[in-house]
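Please open the model in your viewer and keep the selection tool at hand. We will go from stop to stop, choosing a few residues each time.

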Amino acid sequence: MRFTDLYERVSAREPKNCNVVNPEADSVFEGLKQAVDKGLIRLRLFGNRTLIEEKAEKHELKVSSVYHAPSPVEAAAAAVADIREGGGDLIMKGDIPTADFMKPLLDKEKGLRTGKVLSHVAVCDTPAYPRILFAADGGINIAPDLETKREITEGTVAFAEKVLGRKPRIAFAAVIEKVNPKIPATGDAFVLAREYTERGYSAEGPIALDVILSEDAARKKGIQSQISGKVDVIIFPEITPANFMIKQMIFLEQAKAGGLILNASVPVIVLSRSDTAETKLNSIVLSLL
C-alpha cells in the first residue's frame, strides 16, 4: 500500500467539516485549497477575519465559515468549543504555537480528551521502503514509561489496522536485539512484543533499526526475524529517535508523509511550520480514513 491508495480511498467519501486554527501561512492555504478542490473537506476557519479573507481570496479558496478571534489562543478555544457543539469533525493547527493549540484540547472539562493518552503517529511513504510505515511517537510523549508505551502502541496499532485492513507487523525498536538491564527500553520492548504476539500479531522486540528495515541486515547479523523488511509499525523508545527518523525520510528520501494525534475525540492534525502543502494535504487525508 502507498499514499496514492489512501487518496483513492477517501476520494469517494462525503466531505468533513475541518476546523482550522489561525491559518496565516501560504503553505497552509495551499494545502487546504487542494483538499477542498478534491472535495475532501469543508472549511471552518478561526482567527483574524480580515487576514483570513484576504488569504482565501488570494488562493481562490472556498470557505464555508470564518469565525473571528482576536488572538490565536482564543481561536483555538473557539474551534474546540465548536467541535463540542457539533460543528467540526476534525481540527487542524495553523499558525499557532503547539502548546497554545493543545491547551484547550487538553482541558479536562471543555476539551477533546477521551481519557486515553494522546500520541502522535507519522505515516511515511518513502521510495527506499516497499510499503508505508507508521512511526510513533515522534511528536507528543517525550520519554514514555512502559504503561504509556502500551497506550501509544494500542492507538497506533488500531489506526494502522484500520488503514491496512489487516493486522500490522509491529517492531518495538531499540539499539540492540537482546534485553539489557542497563538499557530499560530493551526490557519494555520485550514485554510489549510478547503481549502483542500473544494477541495474534507478528511482533518483535527489542529489535534494532537495521534489522527492522532490512532482511539482509538480519541475515548478516544471524538474527532470526519473521518481520525484517516487512514491518508496518515501528514503536520507538523515545521521541527523539522517532522524530529524527521521520524527518530523515522526508528530507533525504523525499518521502511523502503525514501525521495525526490519536486518542482524542476527533482527529487532530498538528503540523510543523516547515511542512509542505503536500504534507498538510496528506495529513488531512489520514484524518479522513
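Start by selecting Lys167 and Tyr201: Lys167 lies over the face of the Tyr201 ring, 4.1 Å from the ring centre. Keep in mind throughout the tour that this is a predicted model.

**The aromatic cluster**

Keep Tyr201 on screen and add Phe172 and Tyr196, since these three residues form one aromatic cluster. Next, bring in Arg199, whose charged end sits over the ring of Tyr196 at 4.5 Å from its centre. How accessible are the two tyrosines? Tyr196 is buried, with 1% relative accessibility, and Tyr201 is buried as well, at 10%.

**Aromatic pairs**

Now for the rings as pairs: the structure holds five aromatic pairs. Select Phe3 and Tyr7 to see one of them; the ring centres are 6.4 Å apart and the planes stand at 65°, so this pair is edge-to-face. Show the cartoon too, and you will find both residues in helix α1 (residues 3-11), four residues apart, which is about one turn of the helix. Is each of these two residues buried or partly exposed? Phe3 counts as buried at 1% relative accessibility, whereas Tyr7 counts as partly exposed at 21%. Go back to Tyr196 and Tyr201 for another pair: here the centres are 5.4 Å apart and the planes are at 65°, so this pair is edge-to-face.

**Two strands side by side**

Select residues 256-262 next. This is strand β10, and it is mostly covered, with six of its seven residues buried. Add residues 119-125, which make up strand β5; the two strands pair in the antiparallel sense over seven bridges. To see how they line up, pick Val121, which stands opposite Leu260 in β10.

**Around Thr156**

Leave Val121 displayed and select Thr156, which is found in helix α6 (residues 146-164). Thr156 is buried, with a relative accessible area of 0%. Which residues does Thr156 touch, once its neighbours within four places in sequence are set aside? Val121 is among them, and so are Ala136, Val233, Ile235 and Leu262. Display these side chains together to see the surroundings of Thr156.

**Cysteines**

Pick out Cys18 and Cys124 for a quick look. Cys18 is buried, with a relative accessible area of 0%, and Cys124 is buried, with a relative accessible area of 1%. How many disulfides does the whole structure contain? A search finds zero.

**Salt bridges**

The last part of the tour is about charged side chains. The count comes to 19 salt bridges, and we will visit a few.

Select Arg169 and Asp232, whose side chains meet in a salt bridge with an N to O distance of 3.8 Å. Arg169 is in the loop between α6 and β7 (170-173), while Asp232 is in the loop between α9 (215-220) and β9 (233-235), so the pair ties together parts that are 63 residues apart in sequence. Asp232 counts as buried, at 1% relative accessibility.

Move on to Lys221 and Glu177, a salt bridge in which the closest N and O atoms are 3.4 Å apart. Lys221 lies in the loop between α9 and β9, and Glu177 in the loop between β7 and α7 (184-198), so this pair ties together parts that are 44 residues apart in sequence. Colour the two by accessibility if you like: Lys221 counts as partly exposed at 40%, and Glu177 as partly exposed at 23%.

Then select Lys230 and Glu215, which form a salt bridge with their closest N and O atoms 3.8 Å apart. Lys230 sits in the loop between α9 and β9 and Glu215 in helix α9, 15 residues apart. Lys230 is partly exposed, with a relative accessible area of 28%, and Glu215 is partly exposed at 47%.

For the final view, return to Arg169 and Asp232 and add Arg131 and Arg166: salt bridges that share partners join these four residues into one network.

Note on methods: Residues are numbered from 1 along each chain as its sequence is written. This is a predicted model: local features need pLDDT of at least 70, side-chain atom pairs count only at pLDDT 80 or more; totals for chains, interfaces and linings use all residues. Side-chain values use heavy atoms; hydrogens and water are left out. Buried means under 20% relative accessible area, exposed over 50%, partly exposed in between (1.4 Å probe, protein chains only). Two strands pair if DSSP finds at least two bridges between them. A disulfide is a pair of cysteine sulfur atoms within 2.5 Å. Rings of Phe, Tyr and Trp (its six-membered ring) pair if their centres lie within 6.5 Å; planes under 30 degrees apart count as stacked, over 60 as edge-to-face and the rest as tilted. A charge sits over a ring if NZ of Lys or CZ of Arg is within 6 Å of the ring centre and within 35 degrees of the ring normal. Contact means heavy atoms within 4.5 Å.
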